[in-house]
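Biologist: I should like a close look at a single part of this protein, its nonpolar interior. Please explain each term as it arises, for a reader in the first year of study.

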Amino acid sequence: MFRLNDKVKNLTPYEPISGTYEIRLDANESFLTVPEEIENEMVEALKNSALNRYPDPMATKLLKGFADYFNVDPDCVTAGNGSDEIISVIMNAFLQKGDKILTLEPDFSMYRFYAEIAECESVKYQKNENLDVNIDDVIDMANKENVRIVILSNPCNPTSRIIKADEIRKLINNTNALVVLDEAYMDFAVSESLMGEFQNYDNLIILKTCSKALGCAALRLGFAVANKTLTNVIRAVKSPYNVNSVSQALGEVLFSHPDYIDSCIETVVNSKKELYAELLKIESEKIEKIYETHTNFVFMKAKNAKQIFEKMK
Ligand SMILES: *Cc1c(COP(=O)(O)O)cnc(C)c1O
């Protein structure tokens, strides 16, 4: 009789909230869709994709577009089927069975999930009541527990808080662990990004995605940025044709319009500011606390959270 192994026997498939809604607020997607002119270019690019051929395994043109936009060396970038896939690849590549990772809770739940599938334990640093992070405590914990990977989102999903670049530098410099810095929301707070200096470290991988600020969650495009040694490992471990030709082609068109990307970010930031200001006005009545926001969403604590959730649904 076949028996499921312990690590998978209690798993259930990931289920986002189902149903049709005009606006979805639960996945932090963009509310913007590409304008007709860019959409037409995408249709052209689609027509020119050879469906009978395997995709370019290195997504060369797409990486060039990404690298130009973020001003990095394309040889230091790997494309993935969403940054989700890249997180999984990183856990499988840089961990061996029994290794530990450190997460800063609450944070993006997929980090621990992929580490567990790689048969590794997650050590959890608990953020305080105010959702602040004391970076010295994180460093102590990483070193004491001898973790192989410290992974965090900055700005953070779900807290919308940000850790200053200087603190992140301190973390990277004071641990032997690999620091995986998920900058999925850094487009909304560029000044604290470490994208411009990843080459300075032998233990830093930065993750980016097209799903949030760039408004293309459907394409499933994520990126890892790291020095060449780390990049070679990620490229070697990923499955060869992980990013399909259609997503590559449409992503290339997206990155050929940097002004459009910038305008999307500006629109989203302005809309978020407006939401934040309006929420502040009603804070005292209905909401316990609204946290400072550095993302495209606002994180708040409310007494009747369940009720608000159901109503908004
Ligand atoms: C949304 C999100 C991702 C996932 O990005 P994909 O590229 O769509 O897989 C990764 N990290 C964080 C923190 C996110 O919020």
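Modeller: The following account goes from the whole chain to its interior and then to one helix. The model is predicted, so local features need pLDDT of at least 70 and side-chain atom pairs count only at pLDDT 80 or more, while totals for chains, interfaces and linings use all residues. Residues are numbered from 1 along each chain as its sequence is written, and side-chain values use heavy atoms, with hydrogens and water left out.

The protein chain contains 12 helices and 9 strands; helices (H or I, at least four residues) and strands (E, at least two) are DSSP runs numbered from the N terminus. Of its 313 residues, 48% count as buried, where buried means under 20% relative accessible area, exposed over 50%, and partly exposed in between, with a 1.4 Å probe and protein chains only.

In soluble globular proteins, nonpolar side chains tend to be buried together. A nonpolar core is a set of buried Ala, Val, Leu, Ile, Met, Phe, Trp, Tyr and Cys residues joined through side-chain atoms within 4.5 Å. The largest such core in this chain has 63 residues, of which Phe66, Leu102, Leu204, Phe223 and Phe255 touch the most other members. Helix H10 (residues 258-281) gives the most to this core, with 6 residues. A second, separate core has 24 residues, including Met91, Leu95, Ile101 and Ala224.

Phe223 deserves separate attention. Contact means heavy atoms within 4.5 Å. Leaving aside neighbours within four places in sequence, the residues in contact with Phe223 include Leu62, Leu63, Phe66, Val77, Ile86, Ile206 and Phe255. Thr78, Lys208 and Cys210 are also among its contacts. Across the protein chain, residues 24 or more positions apart account for 69% of the contacts with a separation of 6 or more.

Phe255 leads to helix H9, which spans residues 245-255 and is mostly covered, with 8 of its 11 residues buried. Those buried residues are Ser247, Gln248, Ala249, Leu250, Gly251, Val253, Leu254 and Phe255. Their cover includes helix H2 (36-47), helix H3 (60-70), strand E7 (221-226) and H10.

One residue outside these helices may be added. Leu131 lies in the loop between strand E3 (121-126) and helix H6 (135-144). Its phi is near 65°, a positive value in a residue other than glycine. Leu131 is buried, with a relative accessible area of 12%. Most residues other than glycine have a negative phi.
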